[in-house]
Amino acid sequence: HNASVHESFSDVFHVLKGIIPIAVEADKGRFVMPIDYLWMKLGIDNGIPENDFGQTSINTHLTESIFTPKVGYRVVDGEHLKMDVLGGIRYWYLGLNNTVKPVGLGNSRSANWVDGLGGARFILPMGEKAAITVAGDAGAGGANLDYQVLGLLNYNFTPKWGMAVGWRYLDVDYRPSNHQFVFDMVTNGPIAGFTYNFGGKPPVPPSASCSASPTEVFPGDPVSATISTQYFNPKHTVTYKWASTGAKVSGAGTTGNVDTTGLAPGSYSVTATATDEKEKKNNVASCSANFAVKARPNYPPTATCSASPRAIAINQSATVTITASSPESRPLTYAW
């Protein structure tokens with residue numbers, strides 16, 4: 001049989017007796033595994049205008065199952081473009097049944113084959129909830145030629161639920177050497193459906209840890225603070241802001257410099273906030289580190305004196321020298 005079907009959109013539900021479309025995908029890192037299954041049953045009654053045996057029509061049913069498992073690798077995983085290289089098979093099963101009515105005599109034939117495939121898929125994210133997918137594959141094996149082109153617009157209402165609308169074009173030319181069953185068919189048209197994301201482990205929120213060095217200083221001594229972050233997207237630029245209770249902090253990176261000039265003795269903290277501006281959720285992490293300002297002790301200076309020479313006669317002179325230092329390195333003045 002050489003099958004060729006042309007139906008207008010208004011006739012689809014008259015001819016379509018049943019359909020089960022399922023698409024499942026499992027991802028692990030950059031490895032992807034999309035699986036597509038489509039089952040359709042078409043049926044139509046063709047009237048017999050003239051028949052000497054009292055038969056009025058021929059009922060034709062075509063059952064088609066298409067199973068397409070693929071595996072692939074994400075060669076491009078950018079923010080604005082993702083590209084997967086895919087390979088797999090497409091398994092076809094066709095069953096054709098013709099029944100003469102009302103006598104009920106009929107004839108059934110079936111065929112099945114497997115085609116090897118290679119293709120690619122491009123995903124263009126459009127914000128956090130939407131994306132455009134364009135995919136194609138081609139191959140052969142049991143069929144002389146087997147290729148598909150697919151375009152989808154995906155929109156996620158929630159992290160779990162979404163919907164997809166698009167267009168699918170599937171062409172196959174199956175011509176075995178015996179020519180007893182020839183199937184040269186194009187299946188194309190709009191597609192729509194709901195999507196559900198089972199997901200894996202929930203995303204780990206970003207975190208940060210801070211440290212200050214030294215942890216004890218005198219007023220005016222500098223303090224250096226650092227922030228270390230985890231679980232931010234390594235492809236995004238993270239910005240940092242510094243603040244402190246009572247002290248002035250300068251710095252726009254992972255290091256903040258604290259000025260303790262004029263601070264009264266006590267405990268203080270310095271806080272850093274890391275932000276990923278490109279992410280809308282789970283994009284901020286903060287941390288704090290403590291340091292203490294100590295009162296300066298009032299240690300007096302130390303001094304020693306010496307005379308040279310140590311013994312002199314009347315009308316002779318001697319030089320007296322003082323050697324002094326401050327334990328707190330303060331400047332000294334001298335009076336004689």
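Here is a short walk through a few parts of this structure.

Okay, some ground rules before we look. This is a predicted model, so local features need pLDDT of at least 70 and side-chain atom pairs count only at pLDDT 80 or more, while totals for chains, interfaces and linings use all residues. Residues are numbered from 1 along each chain as its sequence is written, and side-chain values use heavy atoms, with hydrogens and water left out.

Let's start with a sheet. Four strands, in the order S11-S17-S16-S13, make an open sheet with mixed pairing. Strands here are DSSP runs of E, at least two residues, numbered from the N terminus, and two of them pair if DSSP finds at least two bridges between them. Which strands stand at the edges? They are S11 (216-217) and S13 (238-244); each has a single partner strand, so one side of each has no neighbour in the sheet. S16 (residues 266-276) and S17 (residues 284-293) run antiparallel to each other, paired over 10 bridges. One of those spots to find on screen: Ser269 has Asn290 in S17 as its bridge partner.

Now stay on S16 and go to Asp276, which is found in that strand. Asp276 is buried but has no salt bridge, and the nearest side chain of opposite charge, Lys278, is 7.1 Å away. Buried means under 20% relative accessible area, exposed is over 50%, and partly exposed is in between, with a 1.4 Å probe and protein chains only. For charge, Lys and Arg count as positive and Asp and Glu as negative; His and the chain ends are not counted. A salt bridge is a side-chain nitrogen of Lys or Arg within 4 Å of a carboxyl oxygen of Asp or Glu. What does the side chain of Asp276 reach? The backbone nitrogen of Lys278, at 3.1 Å. Setting aside neighbours within four places in sequence, Asp276 is also in contact (heavy atoms within 4.5 Å) with Phe232, Asn233, His236, Thr237 and Asn283.

And Lys278 itself? Its salt bridge is with Glu79, the closest N and O atoms being 3.5 Å apart. That pair links distant parts of the chain, 199 residues apart: Glu79 sits in the loop between S3 (57-77) and S4 (82-101), and Lys278 in the loop between S16 and S17. Glu79 is partly exposed at 39% relative accessibility, and Lys278 is partly exposed at 45%.

In total the structure holds 11 salt bridges. Another one joins Arg121 and Glu25, at 2.8 Å from N to O. Arg121 is in S5 (residues 106-126) and Glu25 in S1 (residues 16-28), so the pair ties together parts that are 96 residues apart in sequence. Arg121 counts as buried, at 9%, whereas Glu25 is partly exposed at 35%. Both belong to a salt-bridge network with Arg74 and Asp84.

Last stop, the nonpolar cores. A core is a set of buried Ala, Val, Leu, Ile, Met, Phe, Trp, Tyr and Cys residues joined through side-chain atoms within 4.5 Å. The largest has 23 residues, and those with the most contacts inside it are Ile227, Trp242, Val270 and Phe291. S10 (207-213), S12 (223-230), S13, S16 and S17 each give two or more residues to this core, and S17 gives the most, with 5. Apart from this core lies another, of 16 residues, among them Leu38, Leu94, Trp113 and Leu170.

Definitions and conventions
A polar contact is a pair of N or O atoms within 3.5 Å; within protein, one must be able to donate a hydrogen and the other to accept it, and residues adjacent in sequence count only if both atoms are side-chain atoms.
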